[in-house]
Amino acid sequence: MTVLTMPAQPAQDVTPRPVPWQRMIWVTWRQHRAMLISLTAVLGAVAIFLFAMGLWVHHNFSVLMACAAATPNDCGALNQSFNNTDWTTANTLLILMNLAPALIGAFTGPAVMARELETGTFRYAWTQGIGRVRWAIAKLVLLGVVIAVLTWAFSQIFEWFFAPFLQQQNTLTVLSKTVFDTRGIAFAAWCLAAFAIGAFLGMLLRRAIGAMAATLGVYLGLQLVTWLFLTKHYPVSVVTSNASLFTGGVSSSLNGLPSTAPDNSPWVLATWNVGHTSWWRYIPVSRFWPMQFIEAGWLLVLAVVLGAATVWLVRRRAA
Amino acid sequence: MNVIETRGLGKRYGNAWALRDCTLAIPEGHLVGLVGPNGAGKSTLMNLLAGLSVPTAGTVTVLGGRPAGSPAALDGIAFMAQDAPLYKHFSAGDMIHLTRNLNRQFDEAYARQRLDGLGIPLKKTSGKLSGGQQAQLALTLALARRPRMLILDEPLAALDPLAREDFMTTVMTAMTDNGVSVLLSSHALAELERIADYLIVLGAGEVRIAGEADDLVDSHQVLSGPAAAADAYAARLAVVQDRRAAAQAHLLVRSSDQPVPPGWEAHPVSLEELVMAYLRAPGAIGKQQPARIEQAEAAR
């Protein structure tokens, strides 16, 4: 009797074709365009400033270099001017560059999930045919890629802007703690990790504002731990002695241990004397790229793990 | 096919059970009214059906055995949560575009036509629409997905009487035109009673009674007779509610084959009376009802 009233069930109806991933591109753009536009606008404005300032700095620096080549003793005023104005500005920008990933992460990450929970719209979003797991994965990946690309491009401009100071400031190398993370691929990797930290904390705490503060705290803690404990364990250090560096071979004038590495690298891990020879274990500046890949590598892994944890929280979060 | 099937379904928040031991088997094609006071577990049950929550105990499937929350289930169910959550900064047109992108099938022409008919401008942000318009927009988005089942959590609460009428007309049209099954919750009993042809009565997290409205009315009656003989008589019956007034006793009972004894009179019971009685009664009797339906299902 009831068999007649049961509608035919086509087989494909039971396991429907999933909603295509690319549909999420428009969804992500529409939902986060205000954030993406303002991020691009701020980075773009700073990039234009860096470009203009960079032209000026590069000009000043080439004048200084020309002077140093021609009349090395008459360049005091030029040198002082470069130090006082250009370097002061650049140093401030360098500090801001080190803080930028934290700010970018706090600005972009927490809102992605927390806003949905705060406004109750997750009850709309998570009951659509696409399913909440696909929805979350697509959003995190798309936003993460865009943020990584934008910040990478930005760091390239900063790298160009900052180049003269690496030559002019004796104590600075590309491995200096404040410099290393602003160039290469490390800056983008830190920004991506900060975004992932923000998104995860937003989902965990369910409050955007609280998650923003927590993101800043966690990011700065992570960077501190990296500087203090992690970087020196990157497997890129070498052992060398001053015997191979100085033709004399013997440095009888040596008092105690040398504090700086032969190439000014800040990563002197160990020093010891054998007879009249000093030995270093340090990370040479030439290992910049291996270090960049190591750092960006583990940051990428961290970002992926945090992204997966965020999706896991989305999946198990009950209404 | 059962659009809703639950077995021993329970949801616990902390130490408190929001819903427990819920067993239902609801065939398709009904407008199911989910009745109960605030905090009875209506939203909890709906969230479980929509896949927003995961059960603490028991199982829940929809649309003929699809696990709630699975892609297959989400594909066939449109859920309209309480207060119709929409993205406040999205225009109605954006919400259409968004919902189209988030679903396998979406009837955009229908959605546009309906909003046009309702006089909801596509360019206006949903946060600036009136409460009734927001509910209508959410309903339009849900229906344009061409769902097999529509789950509406307190959709009428924020609407004025006219908007309620319009809203329910749309729901009824979808039912007759597209064969959509509807589950609708409300704490306004009188209203639900008017429109629902199947009722689930929830009280304190438990199903008190569930069944087709006509069956419920037919299977219950009020027996009036002398209070003196009531206790002896009541002991032989399934009494839902026992009201005594001086010399008269009024027993709301499940109908039985036993003849009415002399001195007693049987009256039919109204649906509202019946639901009120089950809401006041402890769950013991009501809980037998889903089992009866289940048996009927199994017998098919």
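This is a short talk on a predicted model with two chains in contact, A and B.

I will start with chain A as a whole. Chain A has 11 helices and three strands. Going from the N terminus, ten helices come before the three strands, and one more helix follows the strands. Chain A is 319 residues long, and 35% of those residues are buried. As for contacts in chain A between residues with a separation of 6 or more, 76% of them join residues 24 or more positions apart.

Now to helix packing, and to α10 of chain A, residues 208–230. I will take two of its partners in turn.

One partner is α4(A), residues 76–108. The axes of α4(A) and α10(A) come within 9 Å and cross at roughly 150°. Angles over 145 degrees count as roughly antiparallel, so α4(A) is roughly antiparallel to α10(A). The crossing is right-handed. On the α4(A) side, the residues in this contact are A:Pro101, A:Ala102, A:Gly105 and A:Ala106. On the α10(A) side they are A:Met212, A:Thr215, A:Leu216, A:Tyr219 and A:Leu220. By class, that contact has seven nonpolar residues, two polar ones and no charged ones. If you look at the numbering, recall that an α-helix has 3.6 residues a turn, so residues three or four places apart point the same way.

The other partner is α5(A), residues 110–119. Here the axes of α5(A) and α10(A) are 9 Å apart, and the packing angle is about 155°. That makes this pair roughly antiparallel too. The crossing of α5(A) and α10(A) is right-handed. From α5(A), the contact takes A:Pro110, A:Ala111, A:Ala114, A:Arg115 and A:Glu118. From α10(A), it takes A:Ala208, A:Ala211, A:Met212 and A:Thr215. The classes for this contact are six nonpolar, one polar and two charged. Note that A:Met212 and A:Thr215 are listed in the contact with α4(A) and also in the contact with α5(A).

Next, the helix at the end of the element order, α11(A), residues 288–316. How far should 29 residues of helix span? At 1.5 Å a residue, the expected figure for α11(A) is 42 Å, and its end C-alpha atoms are 42 Å apart, so the two agree. Which residues of α11(A) are buried? They are A:Phe288, A:Met291, A:Glu295, A:Ala296, A:Leu299, A:Ala303, A:Leu306, A:Gly307, A:Thr310, A:Val311 and A:Val314. The cover over these buried residues includes α5 (110–119), α7 (132–168) and α9 (186–205) of chain A. So α5(A) appears twice in this talk: it packs with α10(A), and it is part of what covers α11(A).

Two loop positions in chain A are worth a look. A:Arg206 sits in the loop between α9 and α10. Its phi is near 65°, which is positive, in a residue other than glycine. A:Arg206 counts as partly exposed because it has 18 C-beta neighbours inside 10 Å. The other position is A:Pro235, in the loop between α10 and β1 (238–241). A:Pro235 is exposed, as there are 9 other C-beta atoms within 10 Å. A:Pro235 and A:Pro290 are 55 residues apart in sequence, and their C-alpha atoms are 9.1 Å apart in space.

Now the contact between the chains. Chain B gives 27 residues to it and chain A gives 26. On the chain B side, the elements giving two or more residues are α1 (42–50), α2 (71–76) and α3 (92–101). That side of chain B is made up of 14 nonpolar, seven polar and six charged residues.

One of those elements, α1(B), is mostly covered, with nine of its nine residues buried. They are B:Lys42, B:Ser43, B:Thr44, B:Leu45, B:Met46, B:Asn47, B:Leu48, B:Leu49 and B:Ala50. Just after α1(B) comes B:Gly51, with a positive phi of about 80°.

Last, B:Asp83. Where is B:Asp83 found? It is in the loop between β6 (77–80) and α3 of chain B. The phi of B:Asp83 is near 65°, again a positive value in a residue other than glycine. With 17 C-beta neighbours inside 10 Å, B:Asp83 counts as partly exposed.

That is the end of the talk.

Note on methods
Residues numbered from 1 in each chain as written. Chains lettered and ligands numbered in written order. Predicted model: local features only at pLDDT ≥ 70, side-chain atom pairs only at ≥ 80, totals over all residues. Axes fitted to C-alpha atoms, helices over the stretch in contact; angles between N-to-C directions. Helix = DSSP H or I, 4+ residues; strand = E, 2+ residues; numbered from the N terminus. Parallel < 35°, antiparallel > 145°, perpendicular 65-115°, else oblique. Left-handed = near helix turned anticlockwise from the far one by under 90°. Contact = placed C-beta atoms within 7 Å. Nonpolar A, V, L, I, M, F, W, Y, C, P; charged D, E, K, R; others polar. Expected span 1.5 Å × (residues − 1). Buried ≥ 20, exposed ≤ 12 C-beta atoms within 10 Å, placed from the backbone.
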